[in-house]
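I opened the structure to take notes on strands, helices, domains and backbone angles. The entries follow in the order I looked things up.

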Amino acid sequence: MSDSLPADLTAEMTLDFESHRQRLWEALPGDGIVILFSGRPLLRTADEEYRYAPNHNYYYLTGLDRENQVVVLTRRGSERTARLFIEPVDPHAEAWTGRMMTAEQAQSLSNIGEVETVDRWLPFVNRLIESGHYPDVYLDLEHREWAGPPSDAIRFAHRLMEKHPGTPVANVFPILAELRRIKSAGEIARVRAAIAHTKAGLAAILAHTRPGVSEFQLNGHFTGTLIGGGAGLAYPPIIATGANAAVLHYTTLRDTVQPGEVLLVDAAAEFSYYKADITRTFPADGTFTEAQRALHDLVGEASHEVMAAMRPGVPHRELQNLTRRVLGRGMKALGYLRDESEIGQYYFHGVSHYLGLDTHDVGEYRELEPGMVLTVEPGLYLKDHGLGVRIEDDVLITPDGVEVLSDTIPRDARAMEQWMAELQASPD
Ligand SMILES: [Mn+2]
């Protein structure tokens, strides 16, 4: 495989966190204090925690990915300040869980000069509020799962309402989500790296796909390749043989591949917190039947049409209408539908979402703009015929169209068959 597979950040992947903070300050509707928490790992069971992931807005503003940190940003007229609060280095804790971040490291990663210990943030914020100079306090109040434990921001919001009932609490999430829709060159480079690792993982799956192999064995090849290459998983892999592909978020992975089946693999890498999101569909035996190929070609046609329509100014919702038209017309021509308006039987999800720090990245959907990174993922799900087909790619909106970032990964039916044949001729 000649694609470069970075294991570490390269110069092109550098992010300018200072400019992210500047853009946030400019986007605030008025003066105020912005407080973001890096978060803490969730308890999984007994004394075991889930793997920690930083609050993505915290990471976006600081470049830091350690738990129990706080960043406080202020804006007052033309004055802007940033101050970090981090856990002090504790040699006892280091013996158990490794090196902690020093103040110097936090400074150089974030480009924030003022770094204090985390026990100091609350008195600092209280002083700012009591100064009367800051009309609003902004917190990241996005909380999708109300049944879960409250975040640090939610708990602090309650505390503020008790201690400083006159201070308005505003939600900074929608403002940051708006900024995160447009990606910088460094962010795009990280998505590209995630795509390169995804391609290597897919190649490992294709090399080992044959009747008799199980979905979890294929997952082992995929996940092993990613982890062994220094990347991570963007989301739990969907490796679905036959009718399992009609379950959109199939992650059970217990079935054995049967002769004549089609596999749908929606699995991708994360690299330095940025995600790929890729789906490929291919035949268990290395060759599509004519009926399978016709469906794959139709999904490919929809993908092609959508990408051809994407350019700045096009409303995002038009992509979904276009997909339904192409798939409806095609399914009627193939004899699966009497009327194209019934396409909802076979296609029932969105064709495109933002991609970035989150797999379904944040931000409102309006008109396309240069610098957006989006998926294109038409699909057809024929449970009664025992198969599903989806082709998912990642594209960058350019000033006059799209650049297909995942163009490096074979996509069309014939290209998939050829790639699989090559890989099986020389596995590993
Ligand atoms: Mn997707």
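**Entry 1: strand 17 and its hairpin**

The model is predicted. I started at strand 17, residues 387–390. Which way do its side chains point? L387 and V389 point one way, while G388 and R390 point the other way. I checked burial too: all of these residues are buried.

Next I looked for the partner. Strand 16, residues 379–382, runs antiparallel to strand 17, and 4 bridges join them. Opposite V389 of strand 17 I found L380. The two strands form a hairpin with 4 residues between them. I read the phi of G386 in this hairpin as positive, near 75 degrees.

**Entry 2: strand 4 and its two neighbours**

I moved to strand 4, residues 70–76. How many of its 7 residues are buried? I get 6, so I noted strand 4 as mostly covered.

Strand 1 pairs with strand 4 in the antiparallel sense, over 6 bridges. Here I33 has T74 of strand 4 as its bridge partner. Strand 5 also runs antiparallel to strand 4, and 7 bridges join that pair. In this case V71 is bridged to L84 in strand 5.

I then checked the turn. Strand 4 and strand 5 make a hairpin with 2 residues between them. G77 sits in the turn and has a positive phi of about 60 degrees.

**Entry 3: helix 5**

Helix 5 covers residues 121–131. Which of its residues are buried? I noted W121, V125 and L128. Looking down the axis of helix 5, I find the buried residues within an arc of 55 degrees, so they line one face of the helix. The general rule I kept in mind is that an α-helix has 3.6 residues a turn, so residues three or four places apart point the same way.

What does the buried set pack against? It packs against strand 1 (32–37), strand 4 and strand 5 (79–86). That brings me back to the strands of Entry 2. On the other side of helix 5, P123, R127, E130 and S131 are exposed. Just after the helix, G132 takes a positive phi of about 75 degrees.

**Entry 4: positive phi outside glycine**

Most residues other than glycine have a negative phi. I looked up two exceptions.

N68 has a positive phi near 60 degrees. N68 lies in the loop between helix 2 (56–62) and strand 4. Is N68 buried or exposed? I count 15 other C-beta atoms within 10 Å of N68; buried needs 20 or more and exposed 12 or fewer, so N68 is partly exposed.

N111 has a positive phi near 65 degrees. Its loop runs between helix 4 (103–110) and strand 6 (114–117). N111 has 14 C-beta neighbours inside 10 Å, so N111 also counts as partly exposed.

**Entry 5: a sheet of 3 strands**

I found an open sheet of 3 strands in the order 9-12-13, with antiparallel pairing. Which strands are at the edges? Strand 9 (232–233) and strand 13 (274–275) are, as each pairs on one side only. Strand 12, residues 269–271, pairs with strand 13 over 2 bridges in the antiparallel sense. The bridge partner of E270 is K275 in strand 13.

Helix 8, residues 185–208, packs on this sheet and touches strand 12 and strand 13. I noted the angle between the directions of helix 8 and strand 12 as about 145 degrees.

**Entry 6: two domains**

The chain is divided into domain 1 (17–180) and domain 2 (185–425). Their centres, taken over C-alpha atoms, are separated by 36 Å. How many residues of each domain are in contact with the other? I have 6 from domain 1 and 7 from domain 2.

I then looked at the side of domain 1 that touches domain 2. Helix 2 and helix 7 (173–180) each supply at least two of its residues. This side divides into 3 nonpolar, 1 polar and 2 charged residues.

**Entry 7: Q217**

My last lookup was Q217, in helix 9, residues 215–228. Q217 has 17 C-beta neighbours inside 10 Å, so Q217 counts as partly exposed. I also took a distance to L24, which is 193 residues apart from Q217 along the chain. The C-alpha atoms of Q217 and L24 are separated by 45 Å.

Note on methods:
Residues numbered from 1 in each chain as written. Predicted model: local features only at pLDDT ≥ 70, side-chain atom pairs only at ≥ 80, totals over all residues. Pairing = 2+ DSSP bridges. Contact = placed C-beta atoms within 7 Å. Axes fitted to C-alpha atoms, helices over the stretch in contact; angles between N-to-C directions. Arc of directions from axis to C-beta. Domains from an automatic or database assignment. Nonpolar A, V, L, I, M, F, W, Y, C, P; charged D, E, K, R; others polar.
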